[in-house]
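User: Could you zoom in on one part of this structure and talk me through it in one go? I'd like to know what sits where and what touches what.

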Amino acid sequence: MKVGCIFCQIVDGKVPSEILYQDEEVIAFRDIHPVASTHLLIIPKRHIPSLTHLSEEDLPLIGHMVNIANQLAGREGIADNGYRLVINCGEQGGQLVPHLHMHLIGGRRLSDELG
Ligand code: 5GP
Ligand code: ZN
């Protein structure tokens, strides 16, 4: 828990969100400003600032986040048509919230451009 971190506050239930999944390690909720009909965020409950702060021991966590994202894509009904998983890292990577998070975006044809 990092004081002042909006995602840590969501984990603690201090900031409301539409939570779709949680377990001991991760939580998934709807993005407040969706860019497509499905736009979810999958985050570790532990405050990890970004991809660059991951240690070797954290790597199974990323696999777990991908697995949860795949399951949620199924539940959202977008698995067959396809979807995108994105992790922005740092200022030039477009990361605005400094608590590691994976975007699950789908429900429309996304741009072919990556950036
Ligand atoms: P980033 O640009 O850091 O990869 O993405 C941060 C995402 O968090 C944005 O898509 C933004 O809409 C979302 N977000 C920021 N604050 C909140 C919030 O308080 N609640 C929810 N549900 N999403 C948020
Ligand atoms: Zn945090």
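Analyst: What follows is a look at the middle of the sheet and its surroundings, ending at the metal site.

A few ground rules before we dive in. Residues are numbered from 1 along each chain as its sequence is written, while chains are lettered from A and ligands numbered from 1 in the order in which they are written. This is a predicted model, where local features need pLDDT of at least 70, side-chain atom pairs count only at pLDDT 80 or more, and totals for chains, interfaces and linings use all residues; side-chain values use heavy atoms, with hydrogens and water left out.

Let's start with the sheet. It is an open sheet of 5 strands in the order S1-S2-S3-S5-S4, with antiparallel pairing. Helices (H or I, at least four residues) and strands (E, at least two) are DSSP runs numbered from the N terminus, and two strands pair if DSSP finds at least two bridges between them. At the edges sit strand S1 (19-22) and strand S4 (83-86), each pairing on one side only. From one strand to the next, the twist averages 15 degrees. Helix H2 packs on this sheet, touching S1, S2, S3, S4 and strand S5 (102-106), and its direction makes about 155 degrees with that of S3. For that angle, axes are lines fitted to C-alpha atoms (for helices, over the stretch in contact), and values run from 0 to 180 degrees between N-to-C directions. Contact means heavy atoms within 4.5 Å.

Now for strand S3. It is mostly covered, with 7 of its 7 residues buried; buried means under 20% relative accessible area, exposed over 50%, and partly exposed in between, using a 1.4 Å probe and protein chains only. In a regular strand, side chains alternate between the two faces of the sheet. Here, Thr-38, Leu-40, Ile-42 and Pro-44 point one way from S3, His-39, Leu-41 and Ile-43 point the other way, and all are buried.

S3 has partners to look at too. With S5 it pairs in the antiparallel sense over 5 bridges, and Thr-38 stands opposite Gly-106 in S5. Strand S2 (residues 26-30) is also joined to S3 by 5 bridges, again running antiparallel. In that pairing Phe-29 stands opposite Leu-41, and Ile-27 stands opposite Ile-43. S2 has 4 of its 5 residues buried, so it is largely enclosed by the rest of the structure. S2 also forms a hairpin with S1, with 3 residues between them. That S1-S2 pairing is antiparallel over 3 bridges, and Phe-29 is the bridge partner of Ile-19.

Phe-29 deserves a second glance. It is buried at 2% relative accessible area, and it forms an edge-to-face aromatic pair with Phe-7, at 5.5 Å centre to centre and 75 degrees between the planes. Rings of Phe, Tyr and Trp (its six-membered ring) pair if their centres lie within 6.5 Å; planes under 30 degrees apart count as stacked, over 60 as edge-to-face and the rest as tilted. By this rule, the count comes to 1 aromatic pair. It links distant parts of the chain, with Phe-7 in helix H1 and Phe-29 in strand S2, 22 residues apart. Phe-7 counts as buried as well, at 7% relative accessibility.

Next, a residue that meets the end of S3. Leu-100 is found in the loop between S4 and S5 and is buried, with a relative accessible area of 0%. Leaving aside its neighbours within four places in sequence, Leu-100 is in contact with residues including Ile-43, Pro-44, Ile-48 and Ile-62.

Finally, the metal. The zinc ion (ligand 2) is coordinated by Cys-5 (SG), Cys-8 (SG), His-47 (ND1) and His-99 (ND1), at 2.0 to 2.3 Å. Donors are N, O and S atoms within 2.8 Å of the metal (3.2 Å for Na, K and Ca), and water is not among the atoms, so sites may look incomplete. The 4 donor atoms make angles of 106 to 115 degrees, and the site is tetrahedral, which for four donors means all angles lie between 85 and 135 degrees; four count as square planar and six as octahedral if opposite donors are over 155 degrees apart and all others between 65 and 115, with anything else irregular. Along the chain, the donors follow the spacing C-x2-C-x38-H-x51-H. Cys-5 lies in the segment before helix H1 (6-11) and His-47 in the loop between strand S3 (38-44) and helix H2 (59-76), so the pair ties together parts that are 42 residues apart in sequence. Cys-5 and His-47 are both buried.
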